[in-house]
Amino acid sequence: MKRWLSVGLAAAMCTGTVSAAQQAQSAQAVTPAAQPVPQVHTAPAQPTVTKEADGASVDSIVAALYDVISGPAGAPRNWNRMRALFAPDAKLMVVVPNREGGGFALRSMTVEDYISRNMSAFNTSGFYEREIARTTDAFGQLVHVFSTYELLRSPNDPKPFMRGINSIQLAHDGKRWWIANLVWRAEDAGLTLPDRYLQSRQ
């Protein structure tokens with residue numbers, strides 16, 4: 001929801017006779033009320049910044065990514081926990097149809113963009129994203145996780161309303177794992193998940 005920075009102006013009242021000179025000085029001293037300044041559309045801070053164990057392993061950080069955005073309609077997400085999963089300057093990108101020129105486009109956003117764009121939807125609809133299969137490639141401090149996901153409105157829904165792939169790049173800085181980039185692509189009428197991405201493999 002958009003929040004606005006309110007600018008208040010206090011008015012002082014005095015009694016007695018005031019000279020014309022004093023009135024002129026008072027008029028010059030009054031600063032006109034500033035116009036309301038729109039604040040960046042973002043989520044308020046949460047008490048818990050992160051769970052220390054989130055970056056301890058590839059398993060824990062991927063699980064945290066799914067957990068932090070899931071919940072019933074109106075339930076506050078711990079956005080500070082989500083922010084703490086991503087490396088500085090990390091990007092989230094989604095592959096979408098290009099309605100203007102045909103083909104597909106890559107829509108890029110920051111973590112703050114993702115939060116801003118999804119707060120309203122999470123306030124009105126339940127959203128549960130869970131991993132159903134995973135393919136992992138690793139080389140030293142670099143790991144690529146091809147994580148197959150499904151989306152539900154309730155954890156007890158018999159069938160997801162969407163499935164797709166999260167391509168997650170992870171890097172280890174010697175202390176913990178970070179999400180360096182995340183790109184996802186949903187199924188559609190022209191592209192369904194093959195069997196090989198419905199079974200976990202290392």
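## A first look at the chain

Lys 91 stands opposite Asn 181 in β8, and that pair is a good place to start. This is a predicted model, in which local features need pLDDT of at least 70 and side-chain atom pairs count only at pLDDT 80 or more, while totals for chains, interfaces and linings use all residues. Residues are numbered from 1 along each chain as its sequence is written, and side-chain values use heavy atoms, with hydrogens and water left out.

The pairing that holds Lys 91 and Asn 181 joins β3 and β8, which run parallel over 5 bridges. Strands count as paired here if DSSP finds at least two bridges between them. Helices (H or I, at least four residues) and strands (E, at least two) are themselves DSSP runs, numbered from the N terminus.

**The whole chain**

The chain has 4 helices and 8 strands. Read from the N terminus, their order is β-α-β-α-α-β-β-α-β-β-β-β. Of the 202 residues in the chain, 33% are buried; buried means under 20% relative accessible area, exposed means over 50%, and partly exposed lies in between (1.4 Å probe, protein chains only). The accessible surface is about 13,000 Å², and 56% of that surface belongs to carbon and sulfur atoms. These areas come from the Shrake-Rupley method with a 1.4 Å probe, and for residues only the protein chains shown count as cover. Contact means heavy atoms within 4.5 Å. Among contacts between residues at least 6 apart in sequence, 57% join residues at least 24 apart.

**Strands and their turns**

Let us follow β3 further. Strand β3 (residues 86-97) also pairs with strand β4 (residues 104-109), in the antiparallel sense and over 6 bridges. In this pairing, Pro 97 stands opposite Phe 104. The two strands form a hairpin with 6 residues between them, and Gly 102 in the turn has a positive phi of about 80°.

Strand β8 has another partner too: 9 bridges join it to β7, and the two run antiparallel. Gly 164 faces Ala 186 of β8 there. The β7 and β8 hairpin has 4 residues between the strands, with Gly 174 at a positive phi near 100°.

Asp 89, in strand β3, is worth a pause. Most residues other than glycine have a negative phi. Asp 89 is not a glycine, yet its phi is positive, at about 70°. Asp 89 counts as exposed because its relative accessibility is 75%.

**Two helices**

How do the end-to-end distances of α2 and α4 fit their numbers of residues? The expected span is 1.5 Å times one less than the number of residues, and the table sets it beside the model.

| Helix | Number of residues | Expected span | Distance between end C-alpha atoms |
|---|---|---|---|
| α2 (residues 58-69) | 12 residues | 16 Å | 18 Å |
| α4 (residues 111-124) | 14 residues | 20 Å | 21 Å |

For α2 the two values agree, and for α4 they agree as well. Helix α2 is largely enclosed by the rest of the structure, because 9 of its 12 residues are buried. Among them are Val 58, Ile 61, Leu 65, Tyr 66 and Ile 69.

Helix α4 has a kink of about 40°, centred on Asn 118; the bend at a residue is the angle between axes fitted to the seven residues ending there and the seven starting there. Its buried residues include Tyr 114, Asn 118 and Phe 122. The cover over the buried residues of α4 includes α2, α3 (79-83), β3, β4 and β8 (177-186).

Tyr 114 is buried because its relative accessible area is 9%. Beyond its neighbours within four places in sequence, Tyr 114 is in contact with residues including Ile 69, Trp 79, Leu 92 and Trp 184. Leu 92 is 22 residues away along the chain, with its C-alpha atom 7.7 Å from that of Tyr 114.

**Two residues in strands**

Which side chains make polar contacts with that of Ser 147? The side chain of Tyr 66 does so at 2.5 Å, and that of Glu 131 at 2.7 Å. A polar contact is a pair of N or O atoms within 3.5 Å; within protein, one must be able to donate a hydrogen and the other to accept it, and residues adjacent in sequence count only if both atoms are side-chain atoms. Ser 147 sits in strand β6 (residues 142-152) and is buried, with a relative accessible area of 0%.

Met 162, in strand β7 (residues 162-172), is partly exposed at 34% relative accessible area. Leaving out residues up to four places away in sequence, Met 162 touches Tyr 149, Glu 150, Leu 151 and Ala 186.
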